[in-house]
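Please look over the sequence and the coordinates below before reading on. The paragraphs after them are meant to be followed with the structure open.

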Amino acid sequence: MNNTSEPTDLHIDALQERAAWLRLSLTPGIGPATTRELLKHFGLPTAIFSAPLSALKPVVSAELARVLLSEPAPGIARAIAITHDWIAQDARHFVLTWADEDYPPLLLATTDPPPVLYGVGERALLGAPMLAMVGARSSTRQGGNTASAFAEHLAHAGLTLVSGMARGIDAAAHEGALKARAEGARASTVAVIGTGIDVVYPNAHRHLDARIREHGLLLSEYALGTPPMPHNFPRRNRIIAGLARGVLVVEAALRSGSLITARLAVELGREVFAIPGSIHSPLARGCHRLIRDGAKLVESAQDILEELRIDASPQDLSSGRSATPSAAGPTPPPQLAQLFNALGHDPVDIDVLTQRTGLEAGSLIAALFELEMAHCVERLPGNRYQRLH
């Protein structure tokens, strides 16, 4: 074989191998467990599709064996061709399989790692130490500020933040990590999504999605074009937990999907952290449940760094925000300082504030509106108010 043909032949082999991995992942009835069993017997996927029927029958059902030995279904063949074209379009597009050296070892060691991951962005982040941050979609403004501040500080300390691109806490975590990257941090953010990697969901995150593609990493186990389907999102939580050394929960109700991620993390032997909140807040109850069940109570980002034994230098942290959730915010107008202090740190309603301040309801509501416009106070469901710092 001459030197000019060898790279072409190697390229063809790589394409065939990738196509075999894609076909294996796209074939109905073949999940990670069956994939492991097939690879244990046959080595690489190309060997599976060329094995004799007699060799396949002891490993899979006769019906599935016949599917593997037949020509790929038109839909699968089309999906493979579309994926090849998609990878060729942009150097930041890639497909990651169990056979790749940079497949994250923590994820690979879990019981259900996806055999194929589609990725866009900085592939080198696959080797970075990661912390997952999850929480309520309908988070409070204070919860979002807390998540963003923690993410920014932790990214400056060298932890890449993993989350699920959902509204609320997920988005705040991604934003905080991207801010740290813009300030010179080496770490960034990884978004694990429940759609095809070429689908932006929710649509309101189109700008965030574009920034993560440029300065972070998007991952999905789902084929290109896969729309958002409810059952995809709980499954992607196992990837979030599997990639990370620990999971931080910021604001979660008792039935929050974030508690599923935390439970998966416990099963994987990962650290679970939770930020406590007001005993009156429904969005604190999930975190309090986790703490009662053994999660580590967190008051500052430093608590996490110490538990994970992350030794960040002062230079790494010099550009970061405060590591505490009580970071300073806007100063209330002087004439409203007394009302601001009367709010305390728990959500309160108008009746309670009337008793605390002696102000009549009309004046009180007008003053609270002014504080809200100054980003010092947030109005919560149930006509309650909470200070933001």
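What follows goes from the whole chain to its nonpolar cores, and then to two places among the helices.

The model is a predicted one, and its protein chain holds 18 helices and 12 strands. Measured out along the principal axes would be the wrong phrase for a computed value, but the C-alpha trace spans about 90 × 45 × 35 Å along those axes. Of the 389 residues in the protein chain, 51% are buried. If one takes the contacts between residues at least 6 apart in sequence, 73% of them join residues that are at least 24 apart.

In soluble globular proteins, nonpolar side chains tend to be buried together. Here the largest nonpolar core has 70 residues, and the members that touch the most other members are Leu38, Leu68 and Leu243. The element that gives the most to this core is helix 1, residues 5–26, with 5 residues. A second core, separate from the largest one, consists of 27 residues, among them Leu131, Met133, Ala155 and Leu308.

Which residues does Leu243 contact, once its neighbours within four places in sequence are left aside? They are Pro104, Leu106 and Leu107, together with Met130, Val162, Val190, Val192 and Leu219.

Two packed helices are described by the angle between their axes and the distance between the axes. For helix 9 (residues 169–182) and helix 10 (residues 206–215), the axes come within 11 Å and cross at roughly 45°. Because angles from 35 to 65 degrees fall outside both the roughly parallel and the roughly perpendicular ranges, helix 9 and helix 10 are oblique to each other. The crossing in which helix 9 passes helix 10 is left-handed. On the side of helix 9 the contact is made by Ala171, His174, Glu175, Leu178 and Arg181, and on the side of helix 10 by Leu208, Arg211, Ile212 and His215. Sorted by class, this contact of helix 9 with helix 10 comprises 4 nonpolar, 2 polar and 3 charged residues. An α-helix has 3.6 residues a turn, so residues three or four places apart point the same way.

The last stop is helix 13, residues 282–292, whose buried residues are Leu283, Ala284, Gly286, Cys287, His288 and Leu290. The cover over these buried residues of helix 13 includes strand 7 (246–250), helix 12 (258–267) and strand 8 (271–274). Just after helix 13, Gly294 takes a positive phi of about 120°.

Conventions:
Residues numbered from 1 in each chain as written. Predicted model: local features only at pLDDT ≥ 70, side-chain atom pairs only at ≥ 80, totals over all residues. Heavy atoms only, no water. Axes fitted to C-alpha atoms, helices over the stretch in contact; angles between N-to-C directions. Helix = DSSP H or I, 4+ residues; strand = E, 2+ residues; numbered from the N terminus. Parallel < 35°, antiparallel > 145°, perpendicular 65-115°, else oblique. Left-handed = near helix turned anticlockwise from the far one by under 90°. Contact = heavy atoms within 4.5 Å. Nonpolar A, V, L, I, M, F, W, Y, C, P; charged D, E, K, R; others polar. Buried < 20%, exposed > 50% of the residue type's maximum accessible area, 1.4 Å probe, protein only. Core = buried A, V, L, I, M, F, W, Y, C linked by side-chain atoms within 4.5 Å.
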